[in-house]
Amino acid sequence: MAYIAPIHRPTSVRHALSSHLLSPDEESLVLAYANRIEIWRLSNETLVKTHSKVINGSISMLQKLRPKDQQTDILFVGTERFEQFTLVWNPALGQLDTLEVFVDSGEYHMRDSLSHDKCLVDPDGRYLAMHLWEGVMTVMRLKTLRSKAQDLEWMAQVRLSELFVLASAFLHTETGHPKIALLYKSRADAADAKLATYRLTSDDSNREASRFDATRDREMDMDVADPAAAMLIPVRKVQEEIKRHNFRNVETAKAHLGGLIVVGETRLQYIDEVTRRKVQSSLDRACIFVAWAEYDPTHYLLADDYGTLHLLSILTEGVEVRGMQVRPVGTTSRASGLVYLGGDLLFVPSHYGDSQLVQLDLGDRKKPKLRVLQTLSNIGPILDFAIMDMGNRESDSQLGNEYSSGQARIVTGSGVYKDGSLRSVRSGVGLEDVGLLGEIPHTRGLFSLTSDGSSKVDTLAVSSLAETRIFRFDPDGEVEEVNAHGGMVLDQQTLLATNLPGGRLLQVTAVAASLTDGDSGIVLSAWSPGAGKTITNASANDKWLLLSVEGTSLVSLNLGDILQTVNEKNVGSNNEIACVHAAPQFPDIGVVGFWASGTVSIVRLHSLEPMHGQTLRRTKEDSSIPRDLALVQMLAPDVGGPTLFIAMEDGNVVTFRVGADFSLSGRKSVILGTREARFHLLPQSSGVYNIFATTNHPSLIYGAENRIVYSAVTAEEAACVCPFDAEAFPDCIVVATDSEMKISRIDNERRAHVRSLPMGETIRRIAHSPREKVFGLGCIKRDVTHNEEVVQSSFMLVDEVLFDRVGKAFPLGLPGVTELVEAVICAEMRDANGAPAERFFVGTSFLPDPSMGTDVVTRGRILVFGIDRDRNPYLVFAQDLKGGCRCLAVMGNNRIVAALTKTVVVSEYKEEDTTSGKLTWIASYRPSSYPVSIAVHGKHIAVADLTRSVSLVEVDLGPPAKMVEVARHFQSAWSTAVCHIGGDSYLEADGEGNLQVLRRNADGVTEENRRRLEMTSEMNLGEMVNQIRPISVETSMGALIIPRAFLGTVEGGIYMFGSIAAHAQELLLTFQTRLAEEVQTLGDIRFSAYRAFRNREREGEEPFRFLDGELLERFLDVDEAVQHKICDGLGPTAEDMRNIVEDLRRMH
């Protein structure tokens, strides 16, 4: 049984539009991602996200409609499964509501339309036309009755004689009757382009759809001069001084504004919709245009395939069109559309790169310019990725821990061609470094202090084992180390230092506690534990100092004018004190943790008498010890009371709710690491506290969405932390590692953090070298030289720490041959001396060249690269192949598996010297059609075939050596990736967004059972997966989910895939079914239908033994009453299920 949850949600913007959705006076931007709609407002030339909503479907259409006599728009949304619905903004609730739902069952025997314009709306926003299949158009309209003005009415589904439509557009008309233009080919393989126009309706009241009869209804029928034309731009009419009339003799008519522009690759053609007069203009150079937006009736913005923005100007004399001119404006991401927002602001949505908000400067029409104002990060499409920093950097095993999956650093090859980049993605609370204090090793404590009279923190005390150092900051952020501060002792380790009311300063060392005047440095009072005794723990609030002496005595000192011993209690050596804590928000309350008994006690600080106690050990075998404590108000007081946090020696953090009488209840336990955490309190302006927990995997504990959240932090080496609200560094913290100290600004909440390295070329493949600490990249660059497209591949290195290029790129290719990189792996091999050495293996293919004929023997290569002392890649060996090398994998013992065009080969690599080697063929296997992905586990190779799903091949080294197919999945699937996920199970992804878990039944009763890969789980992700990478994770005994792999998708999504523990499967499946019935999304699409497997051969009714983590997490967002309804009769309570879901959420 399988589980999947998003680490980084899709960021590719396929559809965008501007709309008066929120109010009549405000135009907002609506963006459609894979399964999400977002609304953005424009404020001070910056886009701000206002609303986001998930849809149970992959969005394929987005349009706006304007009901009659209304000032706001409604949205029309369609999905890939032909579900359509309308949405309206509800100002009272501040959310989108579903108006109507339409379900079109689809026609499986028909071919999908190739038109760029799947859904069109007429200029008045009343009529809608959908072109989903070749030769079929669906026509709908908004009703005119005021009470039903927001309702869509189905008019007809008409047949088109124009089968191969390339583009379509509604025309601007003055008659009140909507017209539509179709740009089409006569045949699929014809090198021509034709234009036809029709009235959308056949009657005067516009209630009957036209029959689109080519003989009777076609109004315009003409050939287009440029056969590569693929775009139509409707041109609005403008007011004429003298009203023109229809001409009987159109030969003498002039072309006026009011028609359409046919955009080709080499020329533009303007056609007057009334007189049919044409005006043609040639382009200065050939260009493939992909998107357009209207700037004004005579100027249009065009985006081309290379990311250049152009300004198309219609040259006129009055209203007469005389010609057209196209000038470049600037460079943007390759656009998937263009949205003009007014005020010279243009939004460029992109699937190939980052989406951008740009400022246009068209004052000089001969030299227009643009400036990028804002960038919306997009890591899609993810072509390949590598995983690192999983908690173990000592080997290639990618070993991690269940609590640290948020620490995973996933480095992706994202974007296409000029928008290509390397992205480092991490999930967690981010730290932005704003200052560096340098190398200060072996820090044991950090304390932020204020000088006398200063309202802001301006001093930092840094404690090590043998000394305390003081750093002073001025208002400009300049820092200097000083030799004295407030009478502090600096030749010893400081256990505690803090400012107290009245300008006093408290310092506690191992031998004494002292109270000094912060201005003069005079010691006002001091206390020591006596000869030969040491202070082992100290904690203070504004009123009390709580000390542990030798672990056997508990001492409370009143922080009045002098240090006054109020009480001292000897606990004995049989149950020594492990930790103490004086609650900062409850001045008279302390907490004490004990070694031997493993208990904590709430005590009154004036008497040291226990109020309440709690044992922390659940079994007799449990010997864990409390090592740190914090009693704070983390949630807002109107949401919940105080919480007691206890850091245990085994890496667990145990929490209790604290009642009004300081009783403890509601125990919870969370794993943060393999060793005890150390708590660092971070006070917030709202009066609550956050906790920075430093362990081998640091975490931030904070309150959000009415619950306590544990989130990984991107400072994996943090040892000590303290708040640092200085004038030059407001709301910051100081973070000390074992070697350096930084001032950082901490994010308010957890999110995916993306760091980008622009490359300007497609990163087709990526491999990580742990030994060399570099990434090896197989890149493809596209340039235009002398109007000819030139493609060049190369292999280059990027440093994993600096996250920048190192060395020189190694160009690939042979004279007269274009070589494309197809695969890159890093493997540890034996060099010529028998020593282990990391080598990069690069598989390539040659682009077919008709001029070279059919006698070409070499159609691909396997290249082996090493890294020299200057960190440049150098070629060790090259092996010519008779077919392209699509995939590479390591089998161990110097063996390499290569998937060629029609063959899978196992070879042995032997290095003869530093610049030569040899690949020796061992065995081969011929798949059904074309291998696209391979996964090696032991002696088995899973081969994902282009059309025939997965086959499992066993390698027998003989003699004689051979490869034998031992199992196969006997269903067709257009595979894209395959990965071993443990045991005899494999995860397969296909081109239609489906995921299947396939298992080999090696112990089957019959030979047929043993030869069949049986499907054990399946669902539709809704996004095509390009790459799956396995991970190995250590989990605790009771873990519900065992992470197995990460997935990267075309839409920029990164997902964690895991298997579900047997004891939790029935519970979680039942829970998901109940939750799906209660959670409603836009469009009212059933979860079961959305996630059901679907391809051309079969369609399931629901996901099979597959859990959707995104759905499960919505349990935390529903009302408590709904939570109790879902859990009624389930077994665990609503609180138990909240804890389970929070545990699942923390994993990613």
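1. Let me start with Asp588, which is partly exposed in this predicted model, at a relative accessible area of 32%. Its salt-bridge partner is Lys543, with the closest N and O atoms 3.0 Å apart. The two residues sit in separate loops: Lys543 between strand 43 (535–540) and strand 44 (544–549), and Asp588 between strand 47 (577–582) and strand 48 (589–594). The pair thus links distant parts of the chain, 45 residues apart. Lys543 is also partly exposed, with 36% relative accessibility.

2. A second pair to look at is Lys742 and Asp433, a salt bridge whose closest N and O atoms are 3.6 Å apart. Lys742 belongs to strand 61 (residues 741–746) and Asp433 to strand 34 (residues 431–438), so this contact ties together parts that are 309 residues apart in sequence. How exposed is each partner? Lys742 is buried, with a relative accessible area of 19%, and since the cut-off for buried is under 20%, please read that label with the number beside it. Asp433 is partly exposed, at 45%.

3. Asp73 and Arg66 make a third salt bridge, at 2.4 Å from N to O. Asp73 is buried, its relative accessible area being 4%, while Arg66 counts as partly exposed at 22%. If you are listing charge pairs, this one joins a buried acid to a partly exposed base.

4. Beyond these pairs, the structure holds 49 salt bridges in total. Some residues are joined in a network: Arg9, Arg1091, Asp1108 and Glu1110 are linked by salt bridges. Side chains of opposite charge can pair when their charged atoms come close.

5. Members of that network turn up again around a cavity. The structure has one cavity of 30 Å³ or more, and the largest cavity encloses about 30 Å³ of space. Its lining is made of Pro6, Arg9, Pro10, Asn35, Tyr1055, Arg1091 and Glu1110. By class, that gives three nonpolar, one polar and three charged residues. Arg9, Arg1091 and Glu1110 are among the lining residues, and these three also belong to the salt-bridge network.

6. Which buried acid lacks a salt bridge? Asp945 is buried yet has none. The nearest side chain of opposite charge is that of Arg948, 5.9 Å away, and a salt bridge needs the nitrogen within 4 Å of a carboxyl oxygen. Backbone nitrogens do come close to the Asp945 side chain, though. That of Tyr930 lies 3.1 Å from one of its polar atoms, and the backbone nitrogen of Arg948 likewise lies 3.1 Å from a polar atom of the Asp945 side chain. Arg948 therefore appears here in two roles, through its side chain at 5.9 Å and through its backbone nitrogen at 3.1 Å. Asp945 itself lies in strand 76 (residues 940–945).

7. Now for the backbone. Most residues other than glycine have a negative phi, and most peptide bonds are trans. Two cis peptide bonds deserve a look. One runs from Gly380 to Pro381, with omega near -10°, and Pro381 is in the loop between strand 29 (369–376) and strand 30 (382–388). Another joins Gly958 and Pro959, where omega is about 10°. Pro959 is in the loop between strand 77 (950–956) and strand 78 (962–968).

8. Two aspartates carry a positive phi. Asp69 has a phi near 65° and lies in the loop between strand 6 (59–65) and strand 7 (74–79). Buried or exposed? Asp69 is exposed, with a relative accessible area of 54%. Asp731 has a phi of about 55° and lies in the loop between strand 59 (720–724) and strand 60 (732–736). Asp731 is exposed too, at 61% relative accessible area.

9. Last, a distance for orientation. Ser975 is found in strand 79 (residues 975–980) and counts as buried, at 5% relative accessibility. How far is Ser975 from Leu163 in sequence and in space? Ser975 and Leu163 are 812 residues apart in sequence and 30 Å apart in space, C-alpha to C-alpha.

Technical notes: Residues are numbered from 1 along each chain as its sequence is written. This is a predicted model: local features need pLDDT of at least 70, side-chain atom pairs count only at pLDDT 80 or more; totals for chains, interfaces and linings use all residues. Side-chain values use heavy atoms; hydrogens and water are left out. On a 1 Å grid over the protein atoms alone, a cavity is a set of points where a 1.4 Å probe fits but cannot get out, and a pocket is an open set with protein on both sides within 12 Å along at least five of seven lines; lining residues have an atom within 4 Å of a point. Grid points are joined across faces, edges and corners, and a volume is the space filled by probe spheres set on the points. Ala, Val, Leu, Ile, Met, Phe, Trp, Tyr, Cys and Pro count as nonpolar, Asp, Glu, Lys and Arg as charged, and the others, Gly among them, as polar. Helices (H or I, at least four residues) and strands (E, at least two) are DSSP runs, numbered from the N terminus. Buried means under 20% relative accessible area, exposed over 50%, partly exposed in between (1.4 Å probe, protein chains only). Lys and Arg count as positive and Asp and Glu as negative; His and the chain ends are not counted. A polar contact is a pair of N or O atoms within 3.5 Å; within protein, one must be able to donate a hydrogen and the other to accept it, and residues adjacent in sequence count only if both atoms are side-chain atoms.
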